[in-house]
Amino acid sequence: MGDVLSTHLDDARRQHIAEKTGKILTEFLRFYEDQYGVALFNSMRHEIEGTGLPQAQLLWRKVPLEERIIFSGNLFQYQEENKKWRNRFSLVPHNYGLVLYENKVAYERQIPPRAVINSAGYKILTSLDQYLELVGNSLPATTPKSGSAPILKCPTQFPLILWHPSARHYYFCMMTEAEQDKWQAVLQDCVRHCNNGIPEDSKVEGPAFTDAIRMYRQSKELYGTWEMLCGNEVQILSNLVMEELGPELKAELVPRLKGKPQERQRQWIQISDAVYRMVYEQAKARFEAVLSKLQLARPAMEAVIRTDMDQIITSKEHLASKIRASILPKAEVCVRNHVQPYIPSILDALMVPTSQGFTEVRDVFFKEVTDMNLNVINEGGIDKLGEYMEKLSQLAYHPLKMHSCYEKMEPLRLDGLQQRFDVSSMSVFKQRAQIHMREQMDNAVYTFETLLHQELGKGPTKEELCKSIQRILERVLKKYDYDSSTVRKRFFREALLQITIPFLLKKLAPTCKSELSRFQELIFEDFARFILVENTYEEVVLQTVMKDILQAVKEAAVQRKHNLYRDSVVMHNSDPNLHLLAEGAPIDWGEEYGDSGGGGGDPGVQEAAPVSEKRRRAKQVVSVVQDEDAGLPFEPAPGPPSPSSPDSVTELRGLLAGDLRAESPPLAGPLLNGAPVQESPQPGLAPEATSPPASPLRQLPSEKLVGPEPPKPSDQETGEQVSGPGGRPPIHTTTEDSAGVQTEF
């Protein structure tokens with residue numbers, strides 16, 4: 001690989017890439033500095049005026065899954081350096097960076113991981129045909145002839161490939177289809193989480209950045225949704241540079257590549273990855289420098305806004321009225337002819353899969369709580385409650401149990417409307433809806449936890465506890481129905497705006513945009529950092545279509561077609577004391593109600609350990625995806641039929657009532673995911689990888705795993721290598737060094 005990079009990325013070309021990148025970054029960062037002042041003003045105005053949004057009925061946890069491991073297990077990884085497959089022990093910490101170790105022993109001995117992969121911007125592919133098609137489309141001139149050897153051979157029939165348009169690709173394979181399904185669900189969760197890399201609570205920097213991206217691309221006449229708006233700010237900025245730089249380099253370098261088509265494809269992937277890393281480092285340095293400068297200037301800007309808030313608002317409203325008088329007639333005609341007739345069709349396409357997904361969230365939550373209630377009845381009441389609640393508290397982050405909810409969004413299509421409104425991909429809307437599903441599930445679970453914890457303070461008997469669980473469940477479901485309706489309506493409005501506004505701006509640009517410069521003189525110089533003509537113009541355009549969007553969503557709610565509450569139904573402070581309960585310390589179910597501290601293993605050893613040590617162990621050992629020797633994932637646990645299988649709510653309630661009157665025989669065990677059945681090794685694997693991969697991490701005795709503090713990637717998710725326990729600095733290279741450490745994106 002070194003020869004390829006030294007040949008095609010010599011010093012002169014690297015200098016050219018750095019200059020081109022610097023030019024793009026300079027232009028973008030001007031937009032970002034402009035948008036920062038506008039976002040700061042909007043944020044401070046919002047704090048003063050508020051928006052009057054309906055109050056959420058469910059609680060939300062402030063620090064979900066801190067110090068937890070989402071998933072862990074073994075998989076085979078293809079090493080491009082030596083063209084061999086290696087068995088790796090892999091785990092996914094709470095911030096969803098895939099960590100790869102040499103093996104399980106390396107993890108236990110705190111040896112630094114070989115790689116930490118940030119999956120923002122990646123696609124998960126489950127077949128070589130999908131991968132070869134994407135690679136061929138990226139380099140049409142290098143498509144291999146029919147029958148020739150592909151760029152990659154997989155030793156099993158169950159590959160998982162991480163594909164990125166610019167960065168390095170990663171190749172994995174599993175021994176069974178069940179393992180492939182499980183890892184696919186886990187990696188999709190990683191992609192979904194990492195794509196959402198800009199913090200939701202960033203009220204100034206986040207909006208300023210996304211608006212700057214949009215304004216920059218519109219200045220290049222690129223309207224519509226952008227599929228690579230994923231990851232943190234530096235990753236998105238790198239994607240922005242590569243969007244412009246990539247085609248130029250491809251045109252220059254691809255004709256110079258030598259060898260067979262497969263070899264030329266491999267060379268281009270290496271070159272593109274090397275360029276992406278160069279761009280990333282340069283973007284990181286420039287962005288952090290500008291952000292630091294803006295944060296230093298922020299106190300002075302806030303002082304001006306506080307002093308002159310009324311004057312700034314008046315000036316902005318005056319500017320908006322002048323722009324409205326100029327462009328409103330044209331905008332209204334455009335909306336009436338090109339947007340309004342299609343809003344109901346777009347809304348219906350969004351509503352069907354989204355509402356199905358939120359209904360599935362409700363059903364999964366109901367089933368999990370009901371199963372837990374049955375287990376409490378049949379397995380000793382409060383003695384097992386800590387174990388069950390520990391698992392339930394992590395439901396929203398369980399990739400397999402949430403999979404049935406997320407997959408409801410996959411059929412989302414706009415058909416012909418997608419091309420009409422220049423929507424390049426629906427993935428941004430799918431992932432946004434899926435994130436809302438996860439948030440609402442976690443809110444429902446946390447509210448249930450809080451209410452149940454309060455009930456336990458009364459010291460109920462087993463019969464009273466089961467009745468309380470059922471009563472609390474129904475109470476939480478009512479709150480969920482209201483909150484999910486509010487969230488879905490907001491999602492529909494935002495999605496309709498994201499689809500229609502870029503289309504309108506593009507339609508109006510030839511006749512309206514040239515007139516905007518004359519409005520600049522209406523802005524006082526002292527307020528020029530907080531009021532921009534372009535932003536005010538877009539707000540006026542938004543207002544022209546907003547009333548049609550609000551009306552369409554309101555009519556959908558009136559029809560009750562998708563279980564939406566009407567806007568007139570408002571639950572103000574229906575449970576005023578509930579939010580006070582959330583102010584206490586987080587509930588540690590394993591610590592308070594677990595029979596052995598929640599960590600498994602020898603009870604004597606657990607009791608001898610200090611409380612802080614037991615807490616640390618529980619957080620390290622408990623994995624959201626629990627594995628037992630009880631069957632394949634997505635299949636019911638083996639054993640005799642249990643009374644926990646009825647489908648309807650009525651049957652389940654009746655069964656609970658019956659179990660309270662007469663004890664049922666104990667169940668075979670709590671409903672857990674089974675471990676995949678291992679098959680014999682496949683040919684083509686490296687000698688040390690001939691044994692089948694171990695099942696994902698089981699609930700092992702805690703003394704076997706509590707030695708190392710589980711390494712995890714940076715919470716900022718820059719994709720950089722995590723320093724090991726010895727404080728080793730990150731190594732910025734795509735090839736393995738003497739210690740075998742890689743820096744991954």
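Biologist: How many salt bridges does a search of the whole structure find?

Modeller: First, what counts: a salt bridge is a side-chain nitrogen of Lys or Arg within 4 Å of a carboxyl oxygen of Asp or Glu. This is a predicted model, where local features need pLDDT of at least 70, side-chain atom pairs count only at pLDDT 80 or more, and totals for chains, interfaces and linings use all residues. Residues are numbered from 1 along each chain as its sequence is written, and side-chain values use heavy atoms, with hydrogens and water left out. Searching the whole structure that way, the number of salt bridges comes to 37.

Biologist: Okay, take Glu33 and Lys293: how many residues apart in sequence are the parts that this pair ties together?

Modeller: Their side chains meet in a salt bridge, 3.2 Å from N to O. Glu33 sits in helix H2 (residues 11-49) and Lys293 in helix H8 (residues 261-339), with helices being DSSP runs of H or I, at least four residues, and strands runs of E, at least two, numbered from the N terminus. So the pair ties together parts whose separation in sequence is 260 residues.

Biologist: And Glu205, is that one buried or partly exposed?

Modeller: Glu205 shares a salt bridge with Arg298 (3.5 Å, N to O). The two link distant parts of the chain, with Arg298 in helix H8 and Glu205 in helix H6, 93 residues apart. Here buried means under 20% relative accessible area, exposed over 50%, and partly exposed in between (1.4 Å probe, protein chains only). At a relative accessible area of 16%, Glu205 is buried.

Biologist: Which residues are linked with Glu205 in a network of salt bridges?

Modeller: Side chains of opposite charge can pair when their charged atoms come close. One partner of Glu205 is Arg298, which is partly exposed at 23%. The residues linked with Glu205 in the network are Arg298, Glu302 and Arg306.

Biologist: Let's switch to strands. Which residue in S2 stands opposite Phe71?

Modeller: Strand S1 covers residues 69-79, and 11 of its 11 residues are buried. S1 pairs with strand S2 (residues 84-93) in the antiparallel sense over 10 bridges, and two strands pair if DSSP finds at least two bridges between them. Opposite Phe71 in S2 stands Val92.

Biologist: Which residue in the turn between S1 and S2 has a positive phi?

Modeller: S1 and S2 form a hairpin, with 4 residues between them. In that turn, a positive phi of about 55° belongs to Lys83.
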